[in-house]
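Here are a few exercises on strand pairing, each with a worked solution. Take a look at the model, then follow the steps.

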Amino acid sequence: MRHKQVLDGLAAPTLVQAMDEDLAGWVGRRLREIGKPPAEVRRLVIEPILRRWRCLLQAPDTDTTTRDTARVALATLLHKYGMRADDVTAAALTALDDLDDAAVLSKAFTRRSPAIKALLQSPPVPPVRRPPRRRAETSLRPADVVSIELDAGFHAAFVLQLHDDKGGRYPVIEFYAGRFSVPPTVRQLAGRPAAGGVRFRHARFSVWGLAHLPDPARQVRLVARGHPDKPLSAPSRPGEGRYTVTDLISLQQSMMTLFADTGE
């Protein structure tokens with residue numbers, strides 16, 4: 001049994017592609033951590049991935065089949081990239097049984113369930129080289145506004161422009177000040193300053209992986225297209241960098257720093 005066979009059998013290509021892109025990019029950045037003790041791998045590599053995908057897995061309105069599919073895909077992709085987390089694997093094994101009982105996938109997939117379980121419980125093989133990463137594309141355009149969920153809070157960001165380089169096209173975003181309990185409305189964002197204030201004059205990021213709308217992980221949601229009011233911020237100083245190039249998983253840590261101890 002191969003990882004690709006499992007992932008193809010889940011019949012959820014968009015979800016699998018988005019999750020695979022997250023892991024391929026993140027593992028490429030943290031490849032040196034894969035051989036560390038399991039607790040360190042969990043903290044440094046797996047937890048940031050889980051923080052993003054919990055937005056889907058823990059959402060009360062996620063349907064059972066989607067949740068079970070995501071659990072199997074997550075365990076399979078972690079294993080593909082040389083990692084395993086006991087709780088993620090256990091959830092995937094239960095999800096496999098539930099998918100089989102519901103008969104929502106092919107009969108061939110159901111017949112392979114014992115082999116899939118054996119694969120997920122086998123020792124994973126760490127990658128020896130950085131996983132290839134797809135050329136980035138994005139559905140976002142300048143003046144779009146998105147909400148990004150982080151640890152049950154929501155933060156709004158404005159798309160300033162698109163960044164183009166050999167790796168693809170990425171949106172450049174700037175955050176509005178504020179943390180919301182639900183995705184904000186454009187009325188709530190009118191006249192709102194940029195996040196960061198004195199501590200971070202320009203919280204602007206070019207984000208690889210900010211691509212899919214709707215986002216299969218449900219972390220990123222579109223608030224508005226062509227919104228006229230970007231965050232209020234001071235002009236850039238001479239020599240000041242325009243934005244930080246990052247990825248969607250790394251952005252989460254930047255957001256934790258940006259919105260920590262600010263009352264936002």
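**Exercise 1.** Work out how many residues of β3 are buried.

*Solution.* Start with the term: buried means under 20% relative accessible area, exposed over 50%, and partly exposed in between (1.4 Å probe, protein chains only). Strands are DSSP runs of E with at least two residues, numbered from the N terminus. By that measure β3 is mostly covered, with 7 of its 8 residues buried. Keep in mind that this is a predicted model, where local features need pLDDT of at least 70, side-chain atom pairs count only at pLDDT 80 or more, and totals for chains, interfaces and linings use all residues. Residues are numbered from 1 along each chain as its sequence is written, and side-chain values use heavy atoms, leaving out hydrogens and water.

**Exercise 2.** Find the strands that pair with β3 and how they run.

*Solution.* Two strands pair if DSSP finds at least two bridges between them. First, β2 (residues 153-165) is joined to β3 by 8 bridges, and the two run antiparallel. They form a hairpin with 2 residues between them, and Asp165 has Gly168 in β3 as its bridge partner. Next, β3 (residues 168-175) runs antiparallel to β4 (residues 204-208), with 3 bridges joining them. Across this pairing, Ile173 stands opposite Phe205 in β4, while Glu174 stands opposite Arg204.

**Exercise 3.** Place these strands in the sheet and explain which strands stand at the edges.

*Solution.* The order is β5-β1-β2-β3-β4-β6, an open sheet of 6 strands with mixed pairing. β5 (220-224) and β6 (244-247) each have a single partner strand, so one side of each lacks a neighbour in the sheet.

Methods:
Helices (H or I, at least four residues) and strands (E, at least two) are DSSP runs, numbered from the N terminus.
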